[in-house]
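Biologist: Could you take me closely through a single part of this protein, the open sheet and what packs on it? I would like to follow how its strands are arranged and paired.

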Amino acid sequence: MISFDTDIKYLKGVGEKRAELFRKLGIDTIGALLRFYPRGYEDWGNIVTAYDAPMEQIVCIKARIVSDINEKKVRQNMTVYRFSAADKSGEFSVVLFNNKYLANRLHKGSEYLFYGKLGGGVWSREMSSPEISEVSTAGIRPIYKAVHGLPSKTTERIMKNALAANIPEDPIPSKIREKYRLCELRFAIENIHFPRDKEALIRARKRLVFEELFILQTGLALLKTSKNKKTDYVIKNNCFDEFKGFLPYSLTSAQIKAVEDCLSDMMSGRLMNRLVEGDVGSGKTAVAAALCYITARNGYQAALMAPTEILAVQHYKNLSALLEQKGISCVLLTGSMSKKARLEALFSIVSGEASVIIGTHAIISESVEFKNLGLVVTDEQHRFGVAQRERLAEKSSSPHILVMSATPIPQTLSHVIYGDLDISIIDEYPKGRQKIESFCINGSIRKRAYNYIKKHLDEGRQGYIVCPLVEENEETKLISAEEYYKKITAPNGFFKDYKVGLLHGRMKAKEKDAVMKSFADGEIKLLVCTTVVEVGIDVPNAAIMVIENAERFGLSQLHQLRGRIGRGKHQSSCIFITDSTEPHTLKRLDVIKNNSDGFKIANEDLKLRGPGDFLGNRQHGLPRFNIADIFSDFETLKTAGVAAKELIEEDRSLALPENALLKEEISRLYKRLF
């Protein structure tokens, strides 16, 4: 008997070649195929007659072929097949183009379903290139995402074979199914692919959406419960006032509240698992610095992990300058360090000589051992998955965990992404933070934007030009950062008389560091770059930014990029360039142009683009659901969250027999996500 875990190649109608095509869609087992839900449906069940059907709308007609099928070659590479069909309302003509395969399958006198648009006039009707199928296929039919060589109709046929699989027992406990009026798994799987009727389709989707959101949130609740344990790293000496006393600036009330939230956790004797979420420039690093200082003063080590080497070095410079004057030893650990420097850093960490360790992913490598790691901080949390912060936490028995994100996440998504964390929000800017002027223009007046950049450079300021691509791409027709750099620095280029730098993610770490140092030191006046500057660059003298092809970015990403300027005392400006005339795109760019609040922008971005595209790339850790849509299914998200919480309160480790299948499904999901 074939089962959910059977390799797809063994399913009837698949084989090795088609299995490779299915793998392109992320499908390698029969279970994965059955969870490959339709992206839409065609209603072949709502049958109308030819002369009652609306014109130029897709309809389904059941009719009998009443004439021979005439074949005529009208020109090279074009063969036309014509015949007549009739239902009780009368005859209509059918025309097929270059479809010999279908024409040969049709027989005069047989009845078929014709699915397509009707043309013609009052006295005659015609269907051009309709889909034609056996009468037995009447009903709601699925439409699947296709790849070349694997059309939707082929997947539909193979899916029927897959439904003979031994579908496992239902992972949702019967008590929850009954309480929330959910159908069983077998019914849901069958009716999401081949709905008995519209009501059955609604019931199937309701069940499968609930299942995805329930399993995810139960897993997060389980994770949170497992972390709600005692720790040896209890903060007894609250020296926050001491830290504020030597800080060269005043903290905002929001920053103070975030630190106090963390200290409340860390002094309770229980493990802290907290997210500090704040807009660009809201001062999260100062919160991390305070907690690192307090942790070190209590005799423990603190580790801060950043997603890029540029950001790690920046944190190291800032923290060491602040903390080492108070006797707190800081050390940097990155992948590009020399062997000698790395060994020295490793020794200072394992010996306990270093109290604060700042680095990239190099911190979680096996060779790194801590003496008494009491606090783990991950910066730009949307760049890390749960597994990466878990690996750092595993460097100690039970360290406190603080994650920071400058990407404002609407509450809608916070439930899913950070369901295992308590959340503190910094919604206030430090004094002196400049408001950035924002403009949206089309490429026809790019020269004016260039002159505006020149004005800033001539006044001693610096600037950025951001491009969406590193290299040229024939499909997109967009100019790349490399080509852009060559164009504006050529002998006849607009910025030929200025020191211009190029920075993108494919450069070697040493090359990137050299460019960034030159920009930070003021040698490079204008930096052509990709989104590598989204995090990790703090140059107060940078006061102008131009973002090319702005429509290619998510609004939250544009807000992150814009946050690289306006960090000094100078008035800053950001110019978004787009040649798009699409109203939806222009509406999105109006949101970023007219708003500086990252949380408002994030909410609008979510409404306009939906969660699938909200954060722009896969690294943010947002689950890729098979059927649920976090935005449109938000009510189900909340309901599933309540159900998950109730279940975990009854069975904190899912040890009861009736929850065993759910626990297995959670384990499978989390391996896939993280």
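Modeller: A good place to begin is one residue pair, Met545 and Cys574, since Cys574 is the bridge partner of Met545 in strand E22. This is a predicted model, and the pair belongs to the contact between strand E21, residues 542-547, and strand E22, residues 573-577, which run in the parallel sense and are joined over 4 bridges. In general, the strands of a sheet pair through backbone hydrogen bonds, either parallel or antiparallel.

Stepping back from that pair, the two strands are part of an open sheet of 6 strands, whose order is E17-E22-E21-E18-E20-E19 and whose pairing is parallel. At the edges stand strand E17 (437-441) and strand E19 (500-503), and because each has a single partner strand, one side of each is left without a neighbour in the sheet. On average, and with direction ignored, neighbouring strands here are turned by 15 degrees against each other.

Helix H17, formed by residues 509-520, packs on this sheet, where the helix touches strand E18 (462-466), E19, strand E20 (526-529) and E21. The direction of H17 makes about 140 degrees with that of E19.

As for the setting of this part, the protein has 22 helices and 22 strands, and 54% of its 674 residues count as buried. Among contacts between residues at least 6 apart in sequence, 72% join residues at least 24 apart. The accessible surface of the protein comes to about 31,500 Å², with 48% of that area belonging to carbon and sulfur atoms.

Terms used. Residues are numbered from 1 along each chain as its sequence is written. This is a predicted model: local features need pLDDT of at least 70, side-chain atom pairs count only at pLDDT 80 or more; totals for chains, interfaces and linings use all residues. Side-chain values use heavy atoms; hydrogens and water are left out. Buried means under 20% relative accessible area, exposed over 50%, partly exposed in between (1.4 Å probe, protein chains only). Contact means heavy atoms within 4.5 Å. Accessible areas come from the Shrake-Rupley method with a 1.4 Å probe; for residues, only the protein chains shown count as cover. Two strands pair if DSSP finds at least two bridges between them. Axes are lines fitted to C-alpha atoms, for helices over the stretch in contact, and angles run from 0 to 180 degrees between N-to-C directions.
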